[in-house]
Amino acid sequence: MIESEKKTAQKLYDLLNEIHLILHHSDRQILAGFELSIPRFYVLHHTYCEVGLSLQRLSELTFLDKASISRMVFDMEREGLIEREVNAKDRRSHSLKLSFKGLELYQKAHQAFETDLVSRFLPLCQQSVPELISRLSELNDTLRGHLENIQKNSSP
């Protein structure tokens, strides 16, 4: 790898990381008003979006290990936000769903989150957004493939 490629890769990484940190901080501030952390919000979000979600699938979607997800779901179940049901297809596993309280909280938090998202990205030139989305999708696919290779090569 030549020096200019290293510098370009580092600059891209630094920029994406800074964007991630800015987005993360903004998300935390919005969700704090609902007493939700970012991971807990995404547990609600994925449970809302994917009916009959399993802990394994939730772990994959959030990039959190199954033990962390299990603890988080257990706590959210105790708080009355999530309900577990025995999976009709596999009685050894459980499907997750939002309780009425969880659905109500998710809808309020999601509304505030969406409103903030629009205000964050509205200043971008509308003509450049489709190209940006396309390029970021390519980058996402590349990085996912790289992650899968790392995981495959590090597995015992």
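Is R57 buried, partly exposed or exposed? I looked this residue up before anything else, and R57 turns out to be partly exposed, with a relative accessible area of 33%. I note at the outset that I am working from a predicted model, and that every value below is computed from it.

**Entry 1: salt bridges within helices**

I found 10 salt bridges in the structure, and I began with the one that involves R57. Its partner is E60, and the closest N and O atoms of the two residues are 3.5 Å apart. Both residues belong to helix α3, where they are separated by 3 residues, about one turn of the helix. E60, at 44% relative accessibility, counts as partly exposed, because the range for that class runs between 20% and 50%.

I then turned to helix α4, where D75 and R78 also lie 3 residues apart, about one turn of the helix. They form a salt bridge whose closest N and O atoms are 3.4 Å from each other. D75 is partly exposed at 29% relative accessibility, whereas R78 is exposed, with a relative accessible area of 60%.

**Entry 2: a salt bridge between strands**

Which residue forms a salt bridge with E83? I found K97, with 3.7 Å between the closest N and O atoms. E83 is in strand β1 and K97 in strand β2, so this pair ties together parts that are 14 residues apart in sequence. Both ends are partly exposed, E83 at 33% relative accessibility and K97 with a relative accessible area of 34%.

I also noted a network of salt bridges that links D27, D116 and R120, and R120 comes up again in the next entry.

**Entry 3: aromatic rings**

I counted 4 aromatic pairs in the structure. One of them joins F41 and F113, whose ring centres are 5.0 Å apart and whose planes stand at 40°, a tilted arrangement. Since F41 lies in helix α2 (residues 38-49) and F113 in helix α5 (residues 100-121), the pair ties together parts that are 72 residues apart in sequence. I checked the accessibility of both rings: F41 counts as buried at 1%, and F113 is buried as well, with a relative accessible area of 7%.

The rings of Y48 and Y106 are also tilted, because their planes meet at 35°, with the centres 4.8 Å apart. This pair likewise links distant parts of the chain, with Y48 in helix α2 and Y106 in helix α5, 58 residues apart. Here the two partners fall into separate accessibility classes: Y48 is partly exposed at 41%, while Y106 is buried at 3%.

Taken together, ring pairs link F41, Y42, Y48, Y106 and F113 into a cluster. Looking back at F113, I saw that R120 lies over the face of its ring, at 6.0 Å from the ring centre, and R120 is also one of the residues in the salt-bridge network with D27 and D116.

**Entry 4: the nonpolar core**

Which residues have the most contacts inside the largest nonpolar core? I found V43, L44, V73 and I82 in a core of 21 residues. Helices α2, α3, α4 and α5, together with strand β2 (94-98), each supply at least two residues of this core.

I followed I82 outward, leaving aside residues up to four places away in sequence, and listed what it touches: among its contacts are V43, L44 and V73, as well as T47, M76, L96 and L98. K97, the salt-bridge partner of E83, is also touched by I82.

**Entry 5: loops and backbone**

Where does E35 lie? I placed it in the loop between α1 (3-32) and α2, and its phi is near 55°, a positive value in a residue other than glycine. E35 is exposed, with a relative accessible area of 72%.

F63 also has a positive phi, of about 60°, although it is not a glycine. I located F63 in the loop between α3 (55-62) and α4 (66-78), and with a relative accessible area of 52% this aromatic residue is exposed.

My last look was at R91, which sits in the loop between β1 (82-86) and β2 and is exposed, with a relative accessible area of 64%. The C-alpha atoms of R91 and D27 are separated by 37 Å, the two residues being 64 apart along the chain.

Notes. Residues numbered from 1 in each chain as written. Predicted model: local features only at pLDDT ≥ 70, side-chain atom pairs only at ≥ 80, totals over all residues. Heavy atoms only, no water. Phe/Tyr/Trp six-rings, centres within 6.5 Å; stacked < 30°, edge-to-face > 60°. Helix = DSSP H or I, 4+ residues; strand = E, 2+ residues; numbered from the N terminus. Buried < 20%, exposed > 50% of the residue type's maximum accessible area, 1.4 Å probe, protein only. Lys NZ or Arg CZ within 6 Å of the ring centre and 35° of its normal. Core = buried A, V, L, I, M, F, W, Y, C linked by side-chain atoms within 4.5 Å. Contact = heavy atoms within 4.5 Å. Salt bridge = Lys/Arg side-chain N within 4 Å of Asp/Glu carboxyl O.
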